[in-house]
Amino acid sequence: MYTEDFKEFVSNGVDKYYIGIGNPNAKILYVGKESAINQDNTEGLNLYNRNAADWKNHIVNNTCEPLCYEVRKEHPFRKEKSWGKNTWSKYQKLTNNIFRREERPNYIDFLKEVFTTEINDSPNKNTSSANKGTLNERKQLLKDSKFIQCFPVVVLACSNYIQNNDEQQEIDEIFNVKYSGGGKSFSKGNWYYLHYSNDKTKLVIHTRQLSTNVKKELLDEVGEVIRKHLNLE
């Protein structure tokens, strides 16, 4: 069920770093900023911190976490009235666009086709107060991981946490791609840029954090770009 590259990534991560959530055999990787967990949310932090150990158990038992489920009324997304605004609901919309699926209210199934992780391994509900001191270490981890590098589509939905500019070419260096000149700006806060490997087999999309104010047009267009890259019918 699991590749050797994923097993290695998990084994090395136990008690050290966060792995992610979703289908590790998927073709699409979403990379967010950091997990939105309040520092006083002991249960949430414990779940986050045992992520690698949980994956190790799944590997041993040849099992997997749930990849689709209803966001019930008692779910935090519904309690906080954030479904439709938060990152996971935007991930769901983007994935629906890629696979041309009708939206199912309060339902998650994007994890069947996507694996998700974070570029910052320091959970915090607010980006402004998140500890960013280990960002470079995390970026090096992603660069060195054969598992992370195997995805033909990577969506870096982490805004300025990673940079490609005249001073540094982090995206190019970490994912072995080059900026293609493609992309679009819909407004100051809604944009995306395209990067491809030399043989065009890998697509890396750099965009904003997918949350409250992301435009529908951005999700529609990025979804179509990914759809075409994967040659989906």
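**Phe175 and the cores**

I started at Phe175 in this predicted model. Setting aside residues up to four places away in sequence, I found that Phe175 touches Ile148, Gln149, Val154, Leu156, Ile162, Lys202 and Val204. I then looked up the largest nonpolar core, which has 30 residues. Phe175 is one of its four members that touch the most others, along with Phe6, Ile19 and Leu156. Next I asked which elements each supply at least two residues of this core. The helices are H1 (4-13), H3 (51-61), H6 (135-144), H7 (146-149) and H8 (170-175). The strands are E2 (28-32) and E6 (153-157). I also noted a second, separate core. This one holds 29 residues, among them Tyr91, Leu94, Leu203 and Ile226.

**Aromatic rings**

I counted 18 aromatic pairs. I picked out Tyr30 and Phe110. Their ring centres are 6.5 Å apart and their planes lie at 20 degrees; under 30 degrees counts as stacked, so I logged the pair as stacked. The pair links distant parts of the chain, with the two positions 80 residues apart in sequence. Tyr30 is in strand E2, while Phe110 is in the loop between strand E4 (107-108) and strand E5 (114-118). Are Tyr30 and Phe110 buried or exposed? Both are buried.

I followed another set of ring pairs and got a cluster. Its members are Tyr2, Phe6, Phe9, Tyr17, Trp55, Phe115, Phe147 and Phe151. Phe6 also appears among the core residues named above. I then checked for a charge over a ring. The charged end of Arg104 sits over the ring of Tyr107, at 3.7 Å from the ring centre.

**Glu170**

I moved to Glu170, which is in helix H8. The cut-off for buried is under 20% relative accessible area. Glu170 has 12% relative accessibility, so I put it down as buried. What does Glu170 contact, leaving aside neighbours within four places in sequence? I listed Asn136, Lys139, Tyr161, Ile162, Gln163 and Asn164. I also took the C-alpha to C-alpha distance from Glu170 to Lys139, which is 8.8 Å. In sequence these two are 31 residues apart.

**The second largest pocket**

I looked next at the second largest pocket, with a volume of about 290 Å³. Its lining has 16 residues. Nearest the centre are Lys16, Tyr17, Tyr18, Asp121 and Arg138. Tyr17 also belongs to the aromatic cluster. Which element gives the largest share of the lining? Helix H6 does, with three residues. Helix H2 (42-49), H3 and H6 each supply at least two.

**Ser35 and Thr207**

I checked two more polar residues. Ser35 is in the loop between E2 and H2. Its relative accessibility is 10%, so Ser35 counts as buried. Leaving aside neighbours within four places in sequence, Ser35 contacts Tyr18, Tyr48, Glu118, Pro123 and Asn124. Tyr18 is also one of the residues nearest the centre of the second largest pocket.

Thr207 is in strand E9 (residues 203-207). I read a relative accessible area of 1%, so Thr207 is buried. With neighbours within four places in sequence left out, its contacts are Val155, Leu156, Ala157, Cys158, Ser159, Trp191, Tyr192 and Leu218. I compared the positions of Thr207 and Ser197, which are 10 residues apart in sequence. Their C-alpha atoms are 18 Å apart in space.

**Positive phi**

I turned to backbone angles. Most residues other than glycine have a negative phi. I noted two with positive values. Phi of Asn62 is near 55 degrees. Asn62 is in the loop between H3 and strand E3 (69-70). With 45% relative accessible area, Asn62 is partly exposed. Phi of Lys200 is near 65 degrees. Lys200 is in the loop between strand E8 (190-196) and E9. The cut-off for exposed is over 50%. Lys200 has 52% relative accessibility, so I marked it as exposed.

**Asp166**

Last, I went to the loop between E6 and H8, where Asp166 is found. Is Asp166 buried or exposed? Its relative accessible area is 84%, so Asp166 is exposed. From Asp166 to Lys200 I got 23 Å, C-alpha to C-alpha. In sequence, Asp166 and Lys200 are 34 residues apart.

Notes
Residues numbered from 1 in each chain as written. Predicted model: local features only at pLDDT ≥ 70, side-chain atom pairs only at ≥ 80, totals over all residues. Heavy atoms only, no water. Core = buried A, V, L, I, M, F, W, Y, C linked by side-chain atoms within 4.5 Å. Buried < 20%, exposed > 50% of the residue type's maximum accessible area, 1.4 Å probe, protein only. Helix = DSSP H or I, 4+ residues; strand = E, 2+ residues; numbered from the N terminus. Contact = heavy atoms within 4.5 Å. Phe/Tyr/Trp six-rings, centres within 6.5 Å; stacked < 30°, edge-to-face > 60°. Lys NZ or Arg CZ within 6 Å of the ring centre and 35° of its normal. 1 Å grid on protein atoms, 1.4 Å probe; cavity = no way out; pocket = protein on both sides within 12 Å on 5 of 7 lines; lining within 4 Å. Points joined across faces, edges and corners; volume = space filled by probe spheres on them.
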